[in-house]
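Hi,

Here is the structure I promised to pass on. Have a look at it first, and my notes follow underneath.

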Amino acid sequence: MPRWSLIRVLVLLAVLAGGLGAVRGQETEDSRSGGSGRRAKAERLPVPDTETRVKAEANVDEVFRKELAAAKSPAEKAALAQKISSLAGDEQDAVKRYAILNRARTLAVSAGDARVAMDILRRMVHGYRVDVLRGGLATLKRLAKGGIRP
């Protein structure tokens, strides 16, 4: 399987870093309609602690047990990663939402789907205090180990 060049990796990191800048400067709709005229920035949530996150991810695995067992090919895994990540938008609980996104990203990485994995990481950075460079590098390293499908 072809490896991505250093230039592609750097471009991906630059895109992620640019996305983080947009997240830091994002304003909420509610704050725009306030009477003070000042615009508040959208708050990103803290990353859940490891113990809580592991329990929540185990619940995600249980819900998708059959689908995870059936997804054998990279294309099936990538499709399931997209399906799982799409559920995060409807989840009200912040820990469960993070667990859904993290599990979907892990599945996308195991499928070698860089586009899906990095899109999920972007969503995680948007909602949580995830270190974009550390998260991006970790995701790209895992993708590089297993082979990347552009």
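**What I found**

Let me begin with one end of a helix: Asp113 caps the N-terminal end of α7, with a side-chain oxygen 3.3 Å from the backbone nitrogen of Arg115. Please keep in mind that this is a predicted model.

The helix behind that cap, α7, has 14 residues and reaches 20 Å from its first C-alpha to its last, close to the 20 Å expected at 1.5 Å a residue. Its buried residues are Ala114, Val116, Ala117, Met118, Ile120, Leu121, Met124, Val125 and Gly127.

On to the core. There are 30 residues in the largest nonpolar core, and the members touching the most others are Leu80, Ile84 and Val130. Two or more residues of this core come from each of α3 (50-63), α5 (74-86), α6 (94-111), α7 (114-127) and α8 (132-146). If you want to click on one of them, try Val130: leaving aside neighbours within four places in sequence, Val130 is in contact with Arg44, Val47, Tyr98, Leu121, Met124 and Val125.

Tyr98 turns up again in the aromatics, where the count comes to one pair. The ring centres of Tyr98 and Tyr128 are 5.0 Å apart and the planes are at 80°; edge-to-face begins over 60 degrees, so that is what this pair is. The two rings link distant parts of the chain, since Tyr98 sits in helix α6 and Tyr128 in the loop between α7 and α8, 30 residues apart. Both partners are buried: Tyr98 has 6% relative accessibility, and Tyr128 has a relative accessible area of 2%.

Now the charges. Side chains of opposite charge can pair when their charged atoms come close. The count here is five salt bridges, and these are three I looked at:

- Glu51 and Lys55 meet through their side chains at 3.4 Å, N to O. Both lie in helix α3, four residues apart, about one turn of the helix, and both are exposed.
- Asp61 bridges to Arg103, with the closest N and O atoms 2.5 Å apart. Asp61 lies in helix α3 and Arg103 in helix α6, so this pair ties together parts that are 42 residues apart in sequence. Asp61 is partly exposed at 29% relative accessibility.
- Glu67 and Lys83 meet at 3.7 Å, N to O. This one also links distant parts of the chain, with Glu67 in helix α4 (residues 65-70) and Lys83 in helix α5, 16 residues apart. Glu67 has a relative accessible area of 30% and is partly exposed; Lys83 is partly exposed too, at 42%.

Back to Arg103 for a moment: is this charged partner buried or exposed? With 18% relative accessibility, Arg103 counts as buried, because the limit is under 20%. Not counting residues up to four places away in sequence, Arg103 touches Val60, Asp61 and Leu68.

One more residue to look at in α3 is Ala58. Ala58 is partly exposed, at 42% relative accessibility. Ala58 and Ala99 are 41 residues apart in sequence, while their C-alpha atoms are 8.7 Å apart in space.

If you open just a couple of views, I'd go for the Tyr98 and Tyr128 rings, edge-to-face, and the Asp61 and Arg103 salt bridge.

Cheers

Definitions and conventions:
Residues are numbered from 1 along each chain as its sequence is written. This is a predicted model: local features need pLDDT of at least 70, side-chain atom pairs count only at pLDDT 80 or more; totals for chains, interfaces and linings use all residues. Side-chain values use heavy atoms; hydrogens and water are left out. A nonpolar core is a set of buried Ala, Val, Leu, Ile, Met, Phe, Trp, Tyr and Cys residues joined through side-chain atoms within 4.5 Å. Buried means under 20% relative accessible area, exposed over 50%, partly exposed in between (1.4 Å probe, protein chains only). Contact means heavy atoms within 4.5 Å. The expected span of a helix is 1.5 Å times one less than its number of residues. A polar contact is a pair of N or O atoms within 3.5 Å; within protein, one must be able to donate a hydrogen and the other to accept it, and residues adjacent in sequence count only if both atoms are side-chain atoms. Rings of Phe, Tyr and Trp (its six-membered ring) pair if their centres lie within 6.5 Å; planes under 30 degrees apart count as stacked, over 60 as edge-to-face and the rest as tilted. A salt bridge is a side-chain nitrogen of Lys or Arg within 4 Å of a carboxyl oxygen of Asp or Glu.
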